[in-house]
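Colleague: Please show me the model, and then we can go through a helix and a strand.

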Amino acid sequence: MRFNDSDSSITPGQPRALGSSQKGISINFRFILAALIRQRMILGASMGVAIVLGLLHAMTAPRVYTAATQVLIGSDVAGLSNGFNRPADIAQNEVMLESALRVLQSQTLALAVVNELNLHQNESFLNPGASLPSRAIQTVRSVISAIIPGGSDPETETDPAAADLRQRMEAAEDLRGSIEVRREGRSSVFLLRYTSSDPALVAAVVNAYGEAFVADQLIGNVEASARVLDWLQQRLFVIQENSTKAALRAEEFRARSGLETIEGEPITVQMIAQLKADVADATVELARLRAMSSVYDDLRQQDLDQFVQSGAAGARIPDAEFSAGQERLLTLQQRLDEAERRYGPDHVEVTQLRERIAMEGRALQREMQRLHDTTLNATRALETEISMLNSSIEEISDENLDLATSRVELRALEKQAEIYEALNETYLLRLKDLEQTQTFPVTNVRVLSMAEVPKDPIAPRKKMILAAMMVMGAGVGVALALWRERIERVIRTREELQQISGLPFLGYLPMLEPAEMDGPTEPDATRKASRSTTEPRKGFKHGFAALKNPRSQFTEVLRNIRIAVDSSADGKSGQVFGIVSIRPGEGKTTISKNLAAVAAVAGRSVLLIDADVRTASLSRGLLQSMGAGLSEMLNGRAVWEATLRREMNTGIHFLPFTSGAGDANAGDLLGMPEFRTLIAEARRRYDLTIIDLAPLGPVSDARALVPALDGLVMVLEWGKVSPDTLTETLSVDPALHEKLIGIALNKTDMSALAKYSRTEPSEGYYDAYGQQDA
């Protein structure tokens, strides 16, 4: 897996320049798996230790039992609501249940269980069993505490009662830490669970806890009721006294302010109402009298004939005498009409009747005048009465308005008296309820289940312990393996090398088996002295590993190095390049001579120079460390022919270093101008000149010769050089980095290479290809 946040437009496949950085996160599971395989000993040891510890714990740990009981909490908790503030909503109910939880976890309840079961003297409770690892850890801690000076031992209490109380309190604290109290979901049920190595003890503890909680609630209700009852009695006395005082103040104010009432109504209000009723009656009567006076006045002003003919006979006058006169007048009129019809208008009887009618009419007119005068007098009297009534209403209304403030104050006093009276009744009812509760206490807690003595232990679970320890050991092993891979970070793969250096990779040179290594070096006894001035005068034979196994991967990589050297020449002849390493012993000398052999058998004229003047390992390995050599040539004490040696099997010309190998100043030879003259002469005489240089890490000899060379090939030992070392070596001298043609990894463990490489190495295909028939 790779997560890369670089620009997608960048062309892939370009080698990274030295010192450059690339953002991204790479996770290669195949590489991690390979790292774990490489560090399998650590992983296996970690898992083994974990399994052994798990077995010890599972075999030595005491059996653990658990028991549980459930209690149901009612609508309130003793001492909290007491009947006044009962939970009205979910929030208040949650507060009540949280309070019940705190009661269950309280020290008081734990102490009650300790006292009930004498847990402060119970050995199973005080000293539960422990596994062997736990006992070992405890022993180590005890030894350390004994060795390291600490506080002085606690003083022994001389008071037995105080010591017993301390033991009980300590046992209660231990029980509080061990008991599990949990609410079951959103219900009002609480689960009490206790775990111990004694099955009888766990059942006894949880059952005692349930009973203690019920008893605590029962006692709490009684005590709370008693406290509230005392408070209510005191409060009731105060309320009754205040109620009496408030009623008395109201009555005194009413009497003092003249606000007496009749049937609940103030006297002034009743008086105004009565006067207004009288005014209304008088007004109605006045209207009636005025109407009658108007009728009487109209009738009174008519003449006798009109009065008799139209008014007197038909008018409705509420007067007995007038009504009797009307009846007599009506009778006379009827008799007149009868007489005129019978006797004619001029008859004596008709004339008498007319006279009697006129006399009766005058009498009615006089009566009408009397009624009119009487009506006028009654009208004036009613008007006077109405005026007086209205005046009285105004006076009483003004007086009632003056008393409005007093009535408001009186109502406030009466309201206060009513409030005190209502409180008095409420407190009396509550006092009766509490007296009944105290006489018959009822708890609001129920124990839903009783715990039985458990038969099967819940721990230790051996399979689970072993599985957990195995997983834990595997986790620790993986961490240790990856940590060791981290601290042992060295260059082993093509990817790492190219990423760090940015240089071409020349190949993996495998670790040679003893049978594949270079053969012995022998002098050429059959060679006669050459008369040619250009040929070496001494010869030897050497068994090169590359020539002993020409189809091996070792030889193939050397060919790849030769091709890279030829490619860097751009067609120029007379190439001069050096072979370097960072650390001693990385195999650069072996690579130098075998590379020279591969180039020589390919038909190239090759000069091999031993410029590792500190050790002269190449000269000693080829048994050519005697006689004149490089130092003598540079100092002018010998000529080419006297210093060169010829390997007879390949035709390689070899310039050894034969003197001053132990001299610390021998490295100065490489900086002499004569060495550059030597290189120029070698470039003219040979197709290829290979110089075996000193390691770059310990000494700086090779750096003095870098500017005169056409190129360098670096040899690193597989799995030995850290990335930091390579980066530091290349960054010290930019000219060195520019001259490097590529880097090869020597002494490679080809069987282990696939475990480190993020991709499948192409070198793995060579063996299969090389074994095919030609």
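**Strand 12 and helix 22**

Modeller: In strand 12 (residues 575–580), 6 of the 6 residues are buried, so the rest of the structure largely encloses this strand. Buried means under 20% relative accessible area, with exposed over 50% and partly exposed in between (1.4 Å probe, protein chains only). The model is predicted: local features need pLDDT of at least 70, side-chain atom pairs count only at pLDDT 80 or more, and totals for chains, interfaces and linings use all residues. Residues are numbered from 1 along each chain as its sequence is written, and side-chain values use heavy atoms, without hydrogens and water.

Colleague: Which residues of strand 12 are buried on the side opposite Gln575, Phe577 and Ile579?

Modeller: In a regular strand the side chains alternate between the two faces of the sheet. Both faces of strand 12 are covered, and the buried residues on the other side are Val576, Gly578 and Val580.

Colleague: What is the bridge partner of Val576 in strand 16?

Modeller: Strand 12 pairs with strand 16 (residues 688–692) in the parallel sense over 5 bridges; two strands pair if DSSP finds at least two bridges between them. The bridge partner of Val576 there is Thr689.

Colleague: Which residue in strand 17 stands opposite Val580?

Modeller: Strand 17 (residues 711–717) runs parallel to strand 12, and 4 bridges join them. Opposite Val580 stands Met714.

Colleague: Within what arc do the buried residues of helix 22 fall?

Modeller: In helix 22, Phe675, Leu678, Ile679, Glu681 and Ala682 are buried. Seen down the helix axis, the buried residues of helix 22 line one face, because they fall within an arc of 165 degrees.

Conventions:
Helix = DSSP H or I, 4+ residues; strand = E, 2+ residues; numbered from the N terminus. Arc of directions from axis to C-beta.
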